[in-house]
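I opened the model to look up how its strands pair and what covers them. My entries follow in the order in which I made them.

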Amino acid sequence: GKSEGTDRYKSPVTAILTGISDLFKRPPDELNLKNLPSLEGKKVLITGASSGLGFATAVELARRGAHVIMAVRSGIPDKGEAVKKASGSPRVDMIRLDLSDLESLEPLCKEIRERFGMLDLLVCNAAMVAKNSRVLKEGLDEMFVVKYFAKFLLFRQLLQGGMLNHQGNQLPRIIVVASESHRNPPDFNWEGFGSYQAYGIKQSVAMYGYYKLLLLTMVNELSRRLNPDGQVSCSVFALCPGPVNSNIAREAPSIFQPLLKLVFGIFFRSPKKACQPVIYLAGSKNLEGRTGTYLFLMQEKTMDDKATDPGNGKRLWDLSEDLYQSLSLIHIS
């Protein structure tokens, strides 16, 4: 789980080249989607489901029988209709979620409970790469909030109970889309946690990797908190889908857009293909009773040691809790 060459995601160019080279080094013994059970009767919430990987995941899970709830910032109702059409399933609902609006998270969780009841599966997918830092009204960096802190608040709600279905024939599962770039940061910046620092496009890819490290460290801590005595009552999984041909680079300078479109189109995987590890983690019987599994493309891998260290997990959770308390957000009951 050690860091593998921390320069692989330093800049947009090296990040793209790394993604391409990883696709060509894929082993023959990959996991596959054969013999996955139907997801009939399962209720799934997918964040960031209006495009790219999230949209493809919504289609595939609906096609496999799940009741899909798409949590999106835009695209209501047309994206939901598109998922119904592509999957052939009418069991698709939509709910508005803007991860950059922290005050919307409490009402959202309440609305999910009231409208849909308990969830069997949560797929956390929403992503963005900002071309530079942007400050939100709470004084926090937008990418920090969307990629990490809003997810922390969502998971905090899950921990407080009432959102996950423990009565089903399978344990509830939380699946988080992360990135191999979490291996890139040399260390945590504990002192600067949550404080706004300006950065430009050169640093944005490095910040992306850093926020993914925070995310995976928090995911491991969440697993420990949901399964305190080592008895697994909720599976927490994560994955890196590899480079996806999605609109994640929509903020790249317009001069590079045609080139990026070409590179993404030729070398990057289609969202339909890239969502396979998500589908595997959602349905596979082999994972029942397990937690902490991390897939890179379609193979199991260990996360970076920094992300799995319980001391780091506890420290990050405590800092996140302190940050939450210091923001006068509506306090989540």
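Entry 1. I looked up strand 6 (235-240) and strand 7 (294-296); three bridges pair strand 6 with strand 7 in the parallel sense. Two strands count as paired if DSSP finds at least two bridges between them. Strands (E, at least two residues) and helices (H or I, at least four) are DSSP runs, numbered from the N terminus. Cysteine 240 has phenylalanine 296 of strand 7 opposite.

I note the basis here: the model is predicted, local features need pLDDT of at least 70, side-chain atom pairs count only at pLDDT 80 or more, and totals for chains, interfaces and linings use all residues. Residues are numbered from 1 along each chain as its sequence is written, and side-chain values use heavy atoms, with hydrogens and water left out.

Entry 2. I turned to the other neighbour of strand 6. Strand 5 (173-177) runs parallel to strand 6, joined by five bridges. The bridge partner of isoleucine 174 in strand 6 is valine 236. Between these strands the chain passes through helix 6, a right-handed β-α-β crossover; that is, with the strands pointing away from the viewer, the path from the first strand over the helix to the second runs clockwise.

Entry 3. I checked the burial of strand 6 and found six of its six residues buried (under 20% relative accessible area with a 1.4 Å probe, protein chains only; exposed is over 50%, partly exposed in between). Ser235, Phe237 and Leu239 point one way, while Val236, Ala238 and Cys240 point the other way. In a regular strand the side chains alternate between the two faces of the sheet.

Entry 4. I then recorded the whole sheet. It is open, with eight strands in the order 3-2-1-4-5-6-7-8 and mixed pairing. Strand 3 (92-96) and strand 8 (299-300) are the edges, each pairing on one side only. Strand 1 (residues 43-47) pairs with strand 2 (residues 67-72) in the parallel sense over five bridges, and lysine 43 stands opposite histidine 67.

Entry 5. I looked up helix 6 (residues 201-226), which packs on the sheet and touches strands 5, 6 and 7 (contact: heavy atoms within 4.5 Å). Its direction makes about 170 degrees with that of strand 5; axes are lines fitted to C-alpha atoms, for helices over the stretch in contact, and angles run from 0 to 180 degrees between N-to-C directions.

Entry 6. I ended at glutamate 180, in the loop between strand 5 and helix 6. Glutamate 180 is buried, with a relative accessible area of 2%. Its side chain makes a polar contact with that of arginine 183 at 3.0 Å (a pair of N or O atoms within 3.5 Å; within protein, one must be able to donate a hydrogen and the other to accept it, and residues adjacent in sequence count only if both atoms are side-chain atoms).
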